[in-house]
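Here's a quick briefing to read alongside the structure. Have a look at the fold and the ligand site first, then come back for the details.

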Amino acid sequence: MAAEAPLRDTRAIALVMALRKQGIADLRVLEAMEKTPRAAFVEEPFAPSAYENSVLPIACGQTISQPYVVAYMTEALEVGPRMRVLEIGTGSGYQAAVLSPLCRRVYTVERHRPLLDGARARFETLGLHNVVSKHGDGLKGWPEQAPFDRILLAAAVEEVPEALIDQLAPGGILIAPVANGGAGESISQHLTKIIRDEKGITQQVLIPVMFVPMVPGLPQEARKADGKEQKI
Ligand code: SAH
């Protein structure tokens, strides 16, 4: 008897075909997008829209990024299999889950405890054992685990904090949505790629994006429980 082929989700295949059309070319990234079930990362009422290329709301007034932007950022990060990657802004855990099969270990930090708890449960259910997470202010990075080969910011900053650039290993790449100034709805953001090499730091401005803002510190209700880490 022929071995059974693993079931492939037709909605995930359609999403990946759309991503290819939009210019995502890295096959490892496309494979990671296909095997990460986005439906598992959104609230039940939004599950039918999970494979559409749209931003969706998650708890605590935050959003899960558009699949295209997740794929684009992941591709721009040029992740290798032996690398350690830091993500700031775990949210639903979707971006960390996409990174998981592409690198050695994902370190992800979230300031909202309920979001972190939800994401951890998903990592567990999906068997993503190389994702470790921490409750805290990601603007400080994760100094105990630094340096990182790659750093990804999943919320917008006006300027990339020195503390994060300092946690980037030589040869490292950091991707962040950076706000271009302006106020209210006129705020525009561009993905920015920071490369650290022997000559110093270089910056490239990539595509325009729209992310929720990075907020310093912890939400009021969570301050007491700060810093609890998951065992690695
Ligand atoms: N990567 C997420 C996207 C989440 S939206 C996903 O795939 O679903 C951005 C997230 O950044 C939000 O969950 C928000 O709470 C978090 N965030 C904002 N400021 C932060 C900070 N200073 N430290 C850690 N997380 C932060």
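What follows covers the ligand site and then the sheet with its helices.

Keep in mind that this is a predicted model. The ligand sits in a shell of 26 residues, and the protein buries 99% of the 580 Å² that the ligand exposes when taken alone. As for the sheet, 7 strands make it up, and it is open with mixed pairing.

**Around the ligand**
- Glu87, Ser92, Glu110, Gly138 and Val215 are the closest of the surrounding residues.
- Sorted by class, the shell comes out at 11 nonpolar, 11 polar and 4 charged residues.
- β2 (63-64), α4 (94-99) and β4 (105-110) each chip in at least two shell residues.

**Polar contacts to ligand oxygen atoms**
- An N or O atom in the Glu110 side chain is 2.6 Å from a ligand oxygen atom.
- Ser92 places a polar side-chain atom 2.7 Å from an oxygen atom of the ligand.
- Gln95 uses its backbone instead, with a polar atom there 3.0 Å from a ligand oxygen atom.

**The sheet**
- Strand order runs β5-β4-β3-β6-β7-β8-β9.
- β5 (131-135) and β9 (200-209) are the edge strands with a single partner each, so one side of each has no neighbour in the sheet.
- From one strand to the next, the twist averages 15°.
- β4 and β5 run parallel, paired over 5 bridges, and Tyr107 stands opposite Val132 in β5.

**Helices on the sheet**
- α3 (residues 67-76) packs against β6 (148-153), β7 (168-179), β8 (189-197) and β9, with its direction at about 160° to that of β9.
- α5 (residues 113-125) touches β4 and β5, and its direction makes about 165° with that of β5.

Note on methods
Residues are numbered from 1 along each chain as its sequence is written. This is a predicted model: local features need pLDDT of at least 70, side-chain atom pairs count only at pLDDT 80 or more; totals for chains, interfaces and linings use all residues. Side-chain values use heavy atoms; hydrogens and water are left out. A residue is near a molecule or strand if one of its heavy atoms lies within 4 Å of it. A polar contact is a pair of N or O atoms within 3.5 Å; within protein, one must be able to donate a hydrogen and the other to accept it, and residues adjacent in sequence count only if both atoms are side-chain atoms. Accessible areas come from the Shrake-Rupley method with a 1.4 Å probe; for residues, only the protein chains shown count as cover. Helices (H or I, at least four residues) and strands (E, at least two) are DSSP runs, numbered from the N terminus. Ala, Val, Leu, Ile, Met, Phe, Trp, Tyr, Cys and Pro count as nonpolar, Asp, Glu, Lys and Arg as charged, and the others, Gly among them, as polar. Two strands pair if DSSP finds at least two bridges between them. Axes are lines fitted to C-alpha atoms, for helices over the stretch in contact, and angles run from 0 to 180 degrees between N-to-C directions. Contact means heavy atoms within 4.5 Å.
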